[in-house]
Amino acid sequence: MLKRQITEFIRQLPAGRRAIVLVWKATRWWSVAWGVLLIAQGLLPAGQVLLLRSLVNQFVASERWTTIAPSAIGIAALWIVGLLISSALTWVRAVQAEYVQDEVHRLIHEHAIRLDLAFYDRPESYDLLWRAQVDAPSQPLALLESLGTLVQNGLGFLVLAGILWAYAAWLPLLMLLTAVPGLIWIARHILSEHHWHLEHTFDERRERYLDWMITDQRAATEFRLFDLGTYHRKAFEKLRGSLRGGKLRLARKGAVTELEAGLLAWTGSLVGLGWMVHQTLAGRARLGDLLLCFQAFQQCQAQLRALLEGAGKIYRSLLFIDNLDEFLRTMPAIFAGHASEAGLPIKESIRFDGVSFTYPGGTHCALDKFELEIPKEKVVAIVGYNGAGKSTLIKLLCRFYDPDEGRILVDGVDLKEIDHEALRRQIAVLFQNPVHYETTVRENIGFGEISALSDDKRLWQAASDSGALAPIERLPEGFDTVLSKMFGGTELSEGEWQRIALARAFFREASLIVLDEPTSAMDSWAEQDWLGRFRTLTAGRSALMITHRFTTAMHADIIHVMEKGRIIESGTHGQLVSKGGVYASSWAAQMRDISHARP
Ligand code: ADP
């Protein structure tokens with residue numbers, strides 16, 4: 001067990017070094033000030049006991065005020081200095097905490113943005129992210145603080161041990177020896193506490209998820225309609241109950257371990273003090289010496305206790321910082337490439353050449369030897385049932401994932417050879433579930449090309465092209481209206497949100513426009529209006545449109561029917577209808593539905 005602890009401790013040391021570098025980078029001179037204050041504070045107890053001894057001895061020798069005055073003033077001065085140092089430390093620590101947290105958040109955010117989508121396909125990734133976000137931000141500073149406490153108390157202990165050494169060499173040794181077992185017990189407890197947290201990350205995440213579901217606006221409608229509140233609250237309470245049980249057991253064990261360690265150390269002090277009383281009674285020490293030893297034992301006790309606590313905290317921080325490190329070590333899998341911009345902007349076509357792909361941890365092929373050509377200046381539609389692989393092909397096109405087999409070629413250049421950022425700048429996508437940014441309309445559209453955010457003319461054009469202008473003009477502050485209620489804004493309907501998302505796609509000057517169910521939330525009037533202008537909007541660009549509405553697909557130059565990750569039929573609307581295959585029968589069914597719906 002002890003060997004395992006030592007190995008674990010050594011394994012964590014590099015994380016500690018990185019954490020200290022991080023704190024230093026974030027706080028610099030604040031850390032220097034903090035170190036100086038800590039050392040000063042560490043030396044104070046020794047100064048106090050020494051002054052106390054001379055005060056008592058001077059007092060015993062001559063009971064005159066003038067003799068003891070310098071020592072008395074010295075004690076008072078040290079007391080005030082102690083207060084000043086303590087307040088200054090509180091302030092410096094608050095400043096350090098803010099800067100270090102910002103630095104850790106910066107690291108986490110920068111890294112999270114770099115990671116590819118495959119990261120979110122693994123449940124372990126959420127554990128990693130959780131531990132990094134929830135536990136780690138405060139730990140680098142906690143580590144530094146504990147190191148400081150360790151140095152400070154170590155220093156204080158050494159000075160006091162030196163004082164005691166003058167009376168008998170075994171006195172400080174006894175103090176130390178009675179403290180070591182406690183240190184081992186505490187470290188052991190911290191390790192088991194840490195393992196408990198690792199094992200329960202999943203449950204803690206689920207607890208947060210239930211908490212979020214019960215309180216979040218997005219689930220509010222269904223929760224009320226299906227009366228799911230109580231069900232989820234009970235599930236939350238059950239989970240909390242089992243987590244609380246574990247945490248309380250650990251807290252109880254921690255308190256007992258601390259008490260045992262304290263008692264052992266206290267026994268050491270008691271033996272030393274007994275010996276000193278004996279020395280005084282035998283006339284080998286003066287009253288001042290007895291008082292000094294009494295004080296020194298007490299201070300030593302406090303220093304050792306703090307040392308134990310400090311060492312325990314360092315160990316805990318190292319374990320947590322290792323979690324942050326583990327997250328920061330997770331590498332995106334798909335960004336290796338020659339990072340060239342060859343093939344951009346798209347001049348002729350994009351071609352899927354025998355592409356097969358299975359999601360990480362997936363059980364079946366989402367794309368199976370898939371073949372597709374998207375020629376320049378053409379509108380290509382893909383239709384197919386749910387789960388056919390339509391959205392997957394968009395994800396591969398944007399290089400959120402790489403194919404397992406086959407290639408995607410842009411004017412003959414493999415996508416893997418092209419700089420992924422340059423590639424994405426050439427693609428504008430309207431996703432099936434676009435993000436609702438809870439900010440102004442201007443930003444909701446301008447996020448399509450952040451560098452052109454202040455280009456009002458282009459914003460207006462994109463809004464007009466997507467049919468979003470009319471709803472925007474109805475808003476109280478037009479383009480400057482904040483959307484969604486969370487920050488006091490105005491809520492839109494799903495169809496209006498979709499038009500805003502479409503405007504975002506059109507705002508980007510991309511050579512390929514990809515639309516995943518562009519008209520799904522539009523009413524049929526809006527659909528007709530929008531489709532009428534669609535051709536003009538895609539002039540000079542390629543367009544890929546994924547839809548289950550045949551009335552939308554029929555406007556495309558070529559339609560591909562997808563099933564189980566493959567294309568099973570292709571042609572224009574007319575060709576496919578006359579072919580009498582899957583498209584023709586689905587078209588007939590949709591038309592029947594529409595005609596039945598008419599009065
Ligand atoms: P479509 O857009 O045609 O409805 P998708 O491309 O979304 O279909 O999905 C194709 C297949 O891949 C489905 O069987 C789906 O279950 C699976 N799939 C989609 N996303 C993931 C994912 N992140 N992890 C694992 N499997 C996925």
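Two strands are taken to pair if DSSP finds at least two bridges between them. On this criterion, the predicted model contains an open sheet of 4 strands, in which the order is β2-β1-β4-β5 and the pairing is antiparallel. Strands β2 (367–375) and β5 (413–414) occupy the edges, and because each has a single partner strand, one side of each is left without a neighbour in the sheet. The antiparallel connection between β4 (residues 405–410) and β5 consists of 2 bridges, and V410 has V413 in β5 as its bridge partner.

The surroundings of the ligand are formed by D121, Y359, H364, A366 and the run Y385, N386, G387, A388, G389, K390, S391 and T392. Classified by residue type, this shell comprises 4 nonpolar, 6 polar and 2 charged residues. Polar contacts to oxygen atoms of the ligand involve both backbone and side-chain atoms: a backbone N or O atom of G389 lies at 2.9 Å from a ligand oxygen, a backbone N or O atom of K390 is likewise placed 2.9 Å from an oxygen atom of the ligand, and for S391 an N or O atom of the side chain is found 2.8 Å from a ligand oxygen. Of the 560 Å² of accessible area that the ligand has on its own, the protein covers 68%.

Elsewhere in the chain, helix α9 (residues 229–281) comprises 53 residues and spans 74 Å from its first C-alpha to its last, a value close to the 78 Å expected at 1.5 Å a residue. Just after α9, G283 adopts a positive phi of about 80 degrees.

How values were computed: Residues are numbered from 1 along each chain as its sequence is written. This is a predicted model: local features need pLDDT of at least 70, side-chain atom pairs count only at pLDDT 80 or more; totals for chains, interfaces and linings use all residues. Side-chain values use heavy atoms; hydrogens and water are left out. The expected span of a helix is 1.5 Å times one less than its number of residues. A residue is near a molecule or strand if one of its heavy atoms lies within 4 Å of it. A polar contact is a pair of N or O atoms within 3.5 Å; within protein, one must be able to donate a hydrogen and the other to accept it, and residues adjacent in sequence count only if both atoms are side-chain atoms. Accessible areas come from the Shrake-Rupley method with a 1.4 Å probe; for residues, only the protein chains shown count as cover. Ala, Val, Leu, Ile, Met, Phe, Trp, Tyr, Cys and Pro count as nonpolar, Asp, Glu, Lys and Arg as charged, and the others, Gly among them, as polar.
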